[in-house]
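Biologist: Please walk me through this model. I will ask short questions and would like short reasoning back.

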Amino acid sequence: VELTVFNIATTYFHDQFDLSTTKASLVATLFGFMNIVCRSFGGIVSDFAYRKFGGERPGMTGRLLVQATGLFFQGMMIVIFSEMDHLPSAIGVLILFSFFVQVTEGATYGIVPYVCPEATG
């Protein structure tokens, strides 16, 4: 999801909101700036869910719940974003969408050791 948004966001803001390429690029970089804190936040939430919820495989239930919740809200935010025709609202929804994308990516790092133990280093 992240790479697709990086590739298309500038063009989308340029075409949809008649922004110059420079301004459209600036707005599109807001999506990437969310990486700074949100991806690690996803890992923290996944670790919390690991301790909070049990399951047949210890902690997997909580980690999968965080993953599923993040994916659900990603979908919801991108649908809302696609309907935006007011630039400030579109930017706000883009930031929320990015938040859920980054949180879900961070939570993925908590699942990999259970799915493929050989992939851990």
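Biologist: Leaving aside neighbours within four places in sequence, which residues is V5 in contact with?
Modeller: This is a predicted model. V5 lies in helix 1. Contact here means heavy atoms within 4.5 Å. With neighbours within four places in sequence left aside, the partners of V5 are F31 and F97.

Biologist: How far apart are V5 and F31 in space, C-alpha to C-alpha?
Modeller: In sequence, 26 residues separate V5 and F31. In space, their C-alpha to C-alpha distance is 8.1 Å.

Biologist: Is V5 buried or exposed?
Modeller: The cut-off for buried is under 20% relative accessible area. V5 has 12% relative accessibility, so V5 counts as buried.

Biologist: Which residues of helix 1 are buried, and what covers them?
Modeller: The buried residues of helix 1 are E2, V5, A9, F13 and F17. Their cover includes helix 2 (21–33), helix 3, helix 4 and helix 5 (87–115).

Biologist: What span should helix 1 have, and how far apart are its end C-alpha atoms?
Modeller: Helix 1 covers residues 2–17, which is 16 residues. At 1.5 Å a residue, helix 1 should span 22 Å. Its end C-alpha atoms agree with that, at 21 Å apart.

Biologist: Where does helix 1 bend, and what phi does D18 take?
Modeller: The bend in helix 1 is about 40° and sits at I8. D18 comes just after helix 1. Its phi is positive, at about 55°.

Biologist: Is Q102 buried or exposed?
Modeller: Q102 lies in helix 5. Its relative accessibility is 0%, so Q102 counts as buried.

Biologist: Which residues touch Q102, its neighbours within four places in sequence left aside?
Modeller: Q102 belongs to helix 5. One of its contacts is E2, a buried residue of helix 1. Another is F31, which also contacts V5. With neighbours within four places left aside, the full set for Q102 is E2, F31, M34, N35, C38 and R39.

Biologist: Where is the kink in helix 5, and how big is its angle?
Modeller: Helix 5 has 29 residues. From first C-alpha to last it reaches 41 Å, close to the 42 Å expected at 1.5 Å a residue. The kink lies shortly before the proline P113, at Y109, with an angle of about 30°.

Biologist: What about V112: buried, partly exposed or exposed?
Modeller: V112 lies in helix 5. Partly exposed runs between the 20% and 50% cut-offs. V112 has a relative accessible area of 33%, so V112 is partly exposed.

Biologist: At what angle do helix 3 and helix 4 pack, and what is the handedness of their crossing?
Modeller: Helix 3 spans residues 35–52 and helix 4 spans residues 60–82. Their axes are 6 Å apart, at an angle of about 145°. The crossing is right-handed.

Biologist: Which residues make that contact, and of what classes?
Modeller: Helix 3 supplies V45, S46, D47, A49 and Y50. Helix 4 supplies G62, R63 and V66. By class, that gives four nonpolar, two polar and two charged residues.

Biologist: Which pattern does the protein follow along the sequence?
Modeller: The protein has five helices and zero strands. Read along the sequence, the pattern is α-α-α-α-α.

Biologist: How much of the protein is buried?
Modeller: The C-alpha atoms fill a box of roughly 50 × 25 × 20 Å along the principal axes. The protein has 121 residues, and the buried share is 36%.

Notes. Residues numbered from 1 in each chain as written. Predicted model: local features only at pLDDT ≥ 70, side-chain atom pairs only at ≥ 80, totals over all residues. Heavy atoms only, no water. Axes fitted to C-alpha atoms, helices over the stretch in contact; angles between N-to-C directions. Helix = DSSP H or I, 4+ residues; strand = E, 2+ residues; numbered from the N terminus. Left-handed = near helix turned anticlockwise from the far one by under 90°. Nonpolar A, V, L, I, M, F, W, Y, C, P; charged D, E, K, R; others polar. Expected span 1.5 Å × (residues − 1). Bend = angle between axes of the 7 residues up to and from the residue. Buried < 20%, exposed > 50% of the residue type's maximum accessible area, 1.4 Å probe, protein only.
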